[in-house]
Amino acid sequence: MNPAPTRSIAIIGAGITGLTAAFRLHQRGFAVQVFEQAAYPGGSIRTIREAGYLIEGGPNTLMLGAAEAKQLIRDAGLEPTLQVANTAAKKRFIVRDGRFMPVPMGPGSFFTTKLFSARTKAAIFGELLARRRQRSEDVSLATLVAEHFTPELVDYALNPLIAGIYAGDPAQLSVRHAFPTLLEAERSHGSLLRGLIAGAKARKARGETRAQLVSFPDGLQALPNALAAKLPAEAVHYGAVVEAVIPGPPHRLVWTRYGQTSEAAFDDVILALPAGALAQLVIGTARERPLAVLNDVLQPPVSSLFLGYRREQVGHPLDGFGGLVPAIERRSVLGILFSSTLFPGRAPEGHVGLTVFAGGMRQPELARLDTDALLAQIARDLHDLVGVSTPPLFVRHSYWPRAIPQYTLGYERFLGAIERLEQEVPGLHVGGNVRDGISLQDCIKAGERLARSVAGK
Ligand SMILES: Cc1cc2nc3c(=O)[nH]c(=O)nc-3n(C[C@H](O)[C@H](O)[C@H](O)COP(=O)(O)OP(=O)(O)OC[C@H]3O[C@@H](n4cnc5c(N)ncnc54)[C@H](O)[C@@H]3O)c2cc1C
């Protein structure tokens, strides 16, 4: 049965979460209106073409495994253009003793690698025998990994990995909220490794292919652009800052656009906003901010610097995905992506592009430096890690004052505030990286979930 065509839905935020929800609801016949404060779709996704380079100011890769994400790309008409990361980019590096060392990818390189000591290698084998365990308390990711392996594995594997995913600190992240599959692995198998191996086998048995790192020839921005283009033109309001939702039914939405305040009524409202915007939003008639607690979500700043060089300016072969830096190595950069190796066509002929990340939980003050100061700050790292001693020919600096929400210990208090609000205001739905996971794939699933909760199935 088709839904009544008159049911109207407001979607606030045209990031990947909001656009996925809007696209699915439009397909099902709902009257959707999207409100986005920026002048373009995508939110954190921001691809720029300049001087022959293709630059990702925000996310660089989509880890594509989930059926929802594959289906969305198909339905957006982008499947034929999907770019899978170059196989040359399989190799990854981690800094140890001041230089990039390859991460072992198989048993042979695992035995010979100097990245980990014999004690850590033995602990990895020993962990396969760990006993099942049911925890009543949440723990930090660093504690869990140290208990199962060694502090060295926390320092030289977990710490850089978390810097790469969250720009975060594993000592502060909650296993329950950030990596629940690890708790489940411990509960059902005892060994995290056995649990992860069993999970991979089960996915294979279900016919799921291995997740692949993907993008598009026009960068990740192609996806939000395609989704927005499939909505009626008059349904997307750019430059519209939503200020209040006055609960109904119907719910009244108040927004300002070019200095003018407007209002309209909707049957359902989807809030696909970051933590800070949710905290600011008035929801009620007496200027209440029921999600003000979300101001306490840790969301450190990150700077992403895209640097273009002539190939011969860079000493490193750039034969991989890039490298991550453990905090214990005391460097300024969190990691460096070899962007022009990762996907073809990202730099002009004879040139290469690197993307350098700085800041995060580790050194937030570095993210806030201006471009020249940041370039001076990272010069030694570029020299030591990738053999660069001359200035880049091209620089594009993207600054994210509140980059990625950190799912820290005690994060349930934030989720609780969101759940209470949804119970108090039927027809209000909240989702996105503050609640559903931080990866693009998680946000696509969040958009699908929001669409289902509106449609009632
Ligand atoms: C630097 C960086 C690198 C990343 N790298 C990766 C990566 O490689 N792979 C990966 O999977 N993930 C990565 N992520 C995470 C991922 O990009 C985000 O979690 C995801 O894009 C969030 O999508 P969203 O739609 O939930 O929120 P957002 O993208 O934040 O969208 C929310 C939208 O709401 C709008 N908005 C805010 N307030 C209002 C208001 N009052 N009225 C109207 N509109 C408003 C904003 O302008 C924005 O467009 C990265 C994130 C950052 C910042």
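Which helices and strands each supply at least two residues of the shell around the ligand? The points below take this up after the overall form.

1. **Status and overall form.** This is a predicted model. The chain has 16 helices and 21 strands. Its radius of gyration is 23 Å, close to the 23 Å that the globule rule gives for 457 residues, so the chain is as compact as a globular protein of that length. Along the principal axes, the C-alpha atoms fill a box of roughly 65 × 55 × 40 Å.

2. **Domains.** The domain assignment gives domain 1 as 8-43 + 221-297 + 407-455. Domain 2 is 84-88 + 300-400. Domain 3 is 116-205.

3. **Domain 1 against domain 3.** The centres of domain 1 and domain 3 are separated by 34 Å, taken over C-alpha atoms. Contact between them involves 5 residues of domain 1 and 8 residues of domain 3. On the domain 1 side, the touching residues are 4 nonpolar and 1 polar, with no charged residues.

4. **Elements around the ligand.** Here is the reply to the opening question. Two helices, H1 (16-27) and H16 (440-455), each supply at least two residues of the shell. So do three strands: S2 (31-36), S11 (240-246) and S16 (302-310). H1 gives the most, with 3 residues.

5. **Residues around the ligand.** The ligand has 36 residues around it. Those that come nearest are Gly13, Gly15, Gly43, Pro59 and Gly432. By class, the shell divides into 21 nonpolar, 14 polar and 1 charged.

6. **Where the ligand sits.** Why does the ligand lie between domain 1 and domain 2? Both domains give residues to the shell around the ligand, so it lies between them.

7. **A helix pair, H5 and H6.** Helix H5 covers residues 141-148 and helix H6 covers residues 151-166. Their axes come within 9 Å. They cross at roughly 140 degrees, and the crossing is right-handed. From H5, the contact uses Leu141, Ala142, Val145 and Ala146. From H6, the contact uses Pro151, Leu153, Val154, Leu158 and Ile162. The class count for this contact is 9 nonpolar, no polar and no charged residues.

8. **Two contacts, by class.** The side of domain 1 that touches domain 3 has no charged residues. The contact of H5 with H6 has no charged residues either. The shell around the ligand has 1 charged residue.

Note on methods. Residues numbered from 1 in each chain as written. Predicted model: local features only at pLDDT ≥ 70, side-chain atom pairs only at ≥ 80, totals over all residues. Domains from an automatic or database assignment. Contact = placed C-beta atoms within 7 Å. Nonpolar A, V, L, I, M, F, W, Y, C, P; charged D, E, K, R; others polar. Axes fitted to C-alpha atoms, helices over the stretch in contact; angles between N-to-C directions. Helix = DSSP H or I, 4+ residues; strand = E, 2+ residues; numbered from the N terminus. Left-handed = near helix turned anticlockwise from the far one by under 90°. Near = placed C-beta within 6 Å. Rg over C-alpha atoms; globule rule 2.2 N^0.38 Å.
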